[in-house]
Amino acid sequence: MSAGGKQSTSASSSLGLCSLRGSVVTLAILTLISFSCLSLNSLRATPYQVTTSVSVIDKESTNRRDSDDGVEEILSDVYHSPAVFRLNYAEMKRNFKVYIYPDGDPKTFYQTPRKLTGKYASEGYFFQNIRESDFRTDDPDKAHLFFIPISCHKMRGKGTSYDNMTIIVQNYVDSLAAKYPYWNRTLGADHVFVTCHDVGVRATEGVPFLIKNAIRVVCSPSYDVNFIPHKDVALPQVLQPFALASGGNDIENRTTLGFWAGHRNSKIRVILARVWENDTELDISNNRIDRSTGHLVYQKRFYKTKFCICPGGSQVNSARITDSIHYGCVPVILSDYYDLPFNDILDWKKFAVVLKERDVYNLKQILKDISDEEFAKLHMNLVTIQKHYQWNSPPVDYDAFHLVMYELWLRRHVIKY
């Protein structure tokens, strides 16, 4: 072979060897990169798993709260958003402030409650509780909301006519707007007016911005009147003090399917009495129970009944609803367009039966179709939420006052000009 041929062969061999070495090096680099990626993924997986675990733990712990005695209580699904409620509630307790206008003679219609008993006790308790609580501030510059402390219940007690109530409310609000800068900054949008008597709702009609802008906390929150959902707040009508202790966890004693006794002062009550008063399974009385038949006979019926019928009266609301809750009797709501108290916090269908008024004709079958298991769940949830529909003085965590304040806390964001 010639020298040129040998050189050519040698060059080819060298080229092949270089190519082989290059391939090996390339393969090694690719392998190294692959292992590096796997290692990095492995390293990333551990923190991800830990984060997931922490997230689960946080979620579980968020769905708990510490009760006053230090025992953890898990918030059940009777709350629309247990975690959100718990966190927002805690923030409210820390930060929420309300300024009470000091104007008005407490001996007339202002500042203090008329009484803490009777059908309109909720109004009185709010007037008293707001002063007993840490939510009150004497510095209006720190206030989120401003409370207008005029009591229509006190006016009613002094025999004030509806027309005069309207004038008194209008004059009082006008005087506050003239004396202080706060009403005019928002035209009342960060102001709160509380009344339980339905005449108190009508008494606001002389102040258009009190209806349109201010937050009205009322016991008769119906969608088909001037009540404005998502702005105004439904105040639970609670007839306190309760005559007997709270009921609950006593399903075996509840042998009566349904119970109602009361005056026929609304169309739905007339129909309820006419259709069911002679029924053998529903205990329907077309009038209040005669007290001469025994001591606290009316209240004791709640203990024996599974479902307590709550038709609207002259207004959509009825103190019978909170009576039912207190005595452990699952309330059956028969009142159209009722913005039920705390319904944006609590899922009423988890502890009550909410019906349309036209369902009254099929009432017994509807109740009989609820299984024992479903009833037990409703009853258990009812016991869970009893504390939310009771007033105390001084107020107690998670009671009616605190949930009303929570509703106000959710409505505190207003642009102040």
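**Notebook: a sheet, a helix and a few loop residues**

I started with one bridge: V98 has R136 in β4 as its bridge partner. The model is a predicted one, where local features need pLDDT of at least 70, side-chain atom pairs count only at pLDDT 80 or more, and totals for chains, interfaces and linings use all residues. Residues are numbered from 1 along each chain as its sequence is written, and side-chain values use heavy atoms, with hydrogens and water left out.

**The sheet.** I looked up how β3 and β4 pair, and they do so in the parallel sense over 2 bridges. Strands (E, at least two residues) and helices (H or I, at least four) are DSSP runs, numbered from the N terminus. Two strands pair if DSSP finds at least two bridges between them. Strands of a sheet pair through backbone hydrogen bonds, either parallel or antiparallel. Next I read off the order of the open sheet of 6 strands: β4-β3-β5-β6-β7-β8, with parallel pairing. β4 and β8 are at the edges with a single partner strand each, so one side of each has no neighbour in the sheet.

**Helix α3.** Which strands does α3 lie across? I found β3, β4, β5 and β6, with α3 running at about 140 degrees to β6. (Axes are lines fitted to C-alpha atoms, for helices over the stretch in contact, and angles run from 0 to 180 degrees between N-to-C directions.) I also checked burial: 9 of the 12 residues of α3 are buried, so the rest of the structure largely encloses it. Buried means under 20% relative accessible area, exposed over 50%, and partly exposed in between (1.4 Å probe, protein chains only). The buried ones include A121, Y125 and I130. Among the elements they pack against are β3, β6 and α14 (400–410).

**Q240.** I found Q240 in the loop between β8 (233–234) and β9 (256–261). Is Q240 buried or exposed? Q240 counts as buried because its relative accessible area is 6%. Its contacts (heavy atoms within 4.5 Å) include A121, Y125 and W391, leaving out residues up to four places away in sequence. A polar atom of the Q240 side chain lies 2.7 Å from the backbone nitrogen of W391.

**S246.** I stayed in the loop between β8 and β9 for S246. S246 is partly exposed, with a relative accessible area of 45%. S246 touches Y303, H326 and Q386, again not counting residues up to four places away in sequence. I also noted that the C-alpha atoms of S246 and D323 are 9.3 Å apart, with their positions 77 residues apart in sequence.

Terms used
Polar contact = N/O pair within 3.5 Å; in protein donor to acceptor, adjacent residues only side chain to side chain.
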